[in-house]
Every structure is written in structure tokens, then in C-alpha cells.
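User: I'd like to learn how to read a fold from its parts. Could you walk me through one?

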Amino acid sequence: MANDFVTIADQLADALDLAPFELEEVRDAAPLMSALPSIESSNGDTHKYAVNTQRPVVGFRAENAGRDFDHSIHRIDTVTLKIMDFSWMADLAVARRWRQGGASAFIAREGMQHLKAAMYKMEQQFINGTGADAAGFNGLADSAYLDALSDEMTVNAAGSSVGTASSCYLLRVNPSEVCNVHHGEGVMLGETVVQNFVDGSGGNLPVYYTPASVWVAGQLGAKYSAARIVNLTDDSGKGLTDDLIYEALEKFPAGMGPNLIVTNKRCQEQLRKSRTATNVTGAPAPMVDSVAGVRMITTDAISSVEALIA
């Protein structure tokens, strides 16, 4: 993709007769990123953490009789951080032409747009992994515990309509399990500077340049840190239901259940409709924001046209 600089024609919101607010027609909120803690990488662009896979064997013994000692067993999991870049620049003259506050106001406005875009890009990557961007970090959909029907932490909704599939994730969100990992200062815009830019024809022009990048990845925890309900489709009876969520909840160890359910708006509505169908009063069920005390959030980063999981 070639550079795409803002032009005077792009500055539609610069008209002085406009109301002092802007509305949105972009579906790119990042509620999951807002809910996830972010921890510093253990070692630069390679983050490592220990996972306990077996307790030591213990037991009762008779008096004056010994028993064999044992030890716990661990493995090391590695997360590779990737560079999220949302740097940008604008022709100095174009930015200074912004009538509602000049260059500083324009830079603040455009910088916020880049920051919002970066947060949504990270949300897409955290959920869909390399299926969203092959150059990015591994996400939930890449997890070896969640990418096949035979996986212990996967629940199959058994939908079969190609091009209508979606997923619902149940997560243990905390700094030790499911969270973001960053190196450096985290997601933020750098200091804007004026510098020379050489265009495609070799000509020079002054620009405002704002650097913005961060090493980032998703820590997906261990086997019992996440569950996934797959193959939620438009087929009759194959949408999200309470039964499927409870089946996923059952896969977590006792006392170590999830604290967040993440899905998209279509699946949330499927769940609501499934409750309406069995409501003894016949009244429409309200929109679902929790199940079994576990909070539910929705995100447009989970598609309704996923590939079916086989």
C-alpha cells in the first residue's frame, strides 16, 4: 500500500459552520483491549513464562514407614512480540490550514484516529491471530487448545453453513493468564516533529511526522485459561445458547472458571432469542450481558464469516 496523505479535500470536518462534535460510522471499538491488563515482557521481544503441568505425588503413610518423594513438573511457554506501527505524517502546509485550532489541533485529532485504529488492529490480532495479519502475533484462534474440535477446551455448536460461522470465547483475564504483553512504553503516540520528506518523484516537502510503534503480543495463558465455542452459524438451532456456554464452563477446573465471555453482536442476539423461545411468560428476553455471573462483552473483531472448524 502506498502512502496516503491527508489533503485539503479530506478536511471536511474543518468547515466552520459544523456542530462541535463528530459522529462515527466505523465499527472498530476495542472493548477487549480495554478489559485486558498489559504486562511488561520478561525479555524484550521474547516473553517467557512457566506453566505447571504436574503436581508432585503425595500420600498418606503408616507410622514408622516411609514413602517416596516426588517433584512438580513445569514447562516454559514462549510468546514472540511483534511491532505494531501506527506512525503517520502530514504535509506541514495542509496541517496548518486546519482552521479549528491550527496544526496542533489537527495533529491531536488525527493522532487520536491512529490510536483508535491501532487498538482495534490489536483486538483483531489478539482474537484471530495470524488469520487477521500474518505479520502479527499469535492470537486465540491460533491456540493449540482452541483450533480443532478434538481440543479439550473447544465446544462444537455443530453449525454447517459455510460462510456464516463465528466463535465465542471464555477467558480467565488476569496478569498471569490471558493478557497483553508489551515491551517499552506501551501503546502511545510519540512526539510530533517537523522533518523533510522526499516524495515519489524525488521532490522535497516539509511534514509533521508522528512516530508511533510498540512491541506487543498476546499472552494466552495455559490450557485452562480459555475455552472456545466454535461453528456458531445461521443454521436453525446452531447459534449461541446457554447450554453451549455452560458446556464450555464445565471444561474449566473447579474454582478456576472464566471471568469474561467475548463474542460478537450476532451471537449475543442468538443467545437472547434462545431465551425468548423458552421464556414461560412469552415476553422477549432482555439482551444478555452475563451468564452464570460471568460478564459478557461483544466485539466486531469476531467475524460472522469464519471458516468452519473441522
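Analyst: We'll go through the core, a sheet, some helices and a few single residues. Keep in mind that this is a predicted model.

User: Let's start inside. Which residues of the largest nonpolar core touch the most other members?

Analyst: The general idea first: in soluble globular proteins, nonpolar side chains tend to be buried together. Here the largest nonpolar core has 57 residues, and L32, F126, L170, L171, I229, L240 and I245 touch the most other members. Helix 3 (residues 102-128) gives the largest share of this core, with five residues. There's also a second, separate core of nine residues, with W98, A103, I107 and Y208 among them.

User: What is I245 in contact with, leaving aside its neighbours within four places in sequence?

Analyst: With that filter on, I245 is in contact with L170, I229, L240, I261, L271, V291 and M296.

User: On to the sheet. In what order do the strands of the open sheet come?

Analyst: There are six strands, in the order 6-12-7-13-15-14, and the pairing is mixed. To read the edges, look for strands with a single partner. Strand 6 (154-156) and strand 14 are those edges, so one side of each has no neighbour in the sheet.

User: How many bridges join strand 7 to strand 12, and which way do the two run?

Analyst: Five bridges join strand 7 (residues 166-171) to strand 12 (residues 226-232), and the two run antiparallel. Within this pair, S166 stands opposite L232 in strand 12.

User: S166 sounds worth a stop. Is S166 buried or exposed?

Analyst: S166 sits in strand 7, and it's buried, with a relative accessible area of 0%. For a polar residue like this, check what the side chain reaches: for S166 that is the backbone oxygen of S303, at 2.8 Å. Not counting residues up to four places away in sequence, S166 touches a list that includes I229, V230, N231, L232, N264, R266, C267 and S303.

User: What lies across the sheet strands?

Analyst: Helix 4 (residues 242-249) does: it lies across strand 6, strand 7, strand 12, strand 13 (260-263), strand 14 and strand 15 (294-298). Its direction is at about 145° to strand 12.

User: How do I read helix 5? Which of its residues are buried?

Analyst: One general idea helps: an α-helix has 3.6 residues a turn, so residues three or four places apart point the same way. In helix 5 the buried residues are R266, C267, Q268, Q270, L271 and R272. They pack against strand 7, strand 12, helix 4, strand 13, strand 14 and strand 15.

User: And what caps the N-terminal end of helix 5?

Analyst: N264 does, with a side-chain oxygen 3.3 Å from the backbone nitrogen of R266. For length, compare the span with the expected one: helix 5 (residues 265-277) has 13 residues and reaches 19 Å from its first C-alpha to its last, close to the 18 Å expected at 1.5 Å a residue.

User: How does helix 3 do on that comparison, and which residue follows it?

Analyst: Helix 3 has 27 residues and reaches 39 Å, close to the 39 Å expected. G129 follows helix 3, with a positive phi near 60°.

User: Which residues other than glycine have a positive phi?

Analyst: Two to look at are N64, with phi near 65°, and N231, with a positive phi of about 60°. Their settings are worth reading one by one. N64 is in the loop between strand 2 (46-54) and strand 3 (73-80), and it's exposed, with a relative accessible area of 81%. N231 lies in strand 12 and counts as buried, at 4% relative accessibility.

User: Last one: how do I place S290 and H182 on the scale from buried to exposed?

Analyst: Buried means under 20% relative accessible area and exposed means over 50%, with partly exposed in between. H182, in strand 8 (residues 178-183), counts as buried because its relative accessibility is 16%. Not counting residues up to four places away in sequence, H182 touches S38, I39, E40, S41, L81, V214, W215 and V216. S290, in strand 14 (residues 290-291), is partly exposed at 31%. With the same sequence filter, S290 touches R275, R295 and M296.

Note on methods:
Residues are numbered from 1 along each chain as its sequence is written. This is a predicted model: local features need pLDDT of at least 70, side-chain atom pairs count only at pLDDT 80 or more; totals for chains, interfaces and linings use all residues. Side-chain values use heavy atoms; hydrogens and water are left out. A nonpolar core is a set of buried Ala, Val, Leu, Ile, Met, Phe, Trp, Tyr and Cys residues joined through side-chain atoms within 4.5 Å. Buried means under 20% relative accessible area, exposed over 50%, partly exposed in between (1.4 Å probe, protein chains only). Helices (H or I, at least four residues) and strands (E, at least two) are DSSP runs, numbered from the N terminus. Contact means heavy atoms within 4.5 Å. Two strands pair if DSSP finds at least two bridges between them. Axes are lines fitted to C-alpha atoms, for helices over the stretch in contact, and angles run from 0 to 180 degrees between N-to-C directions. The expected span of a helix is 1.5 Å times one less than its number of residues. A polar contact is a pair of N or O atoms within 3.5 Å; within protein, one must be able to donate a hydrogen and the other to accept it, and residues adjacent in sequence count only if both atoms are side-chain atoms.
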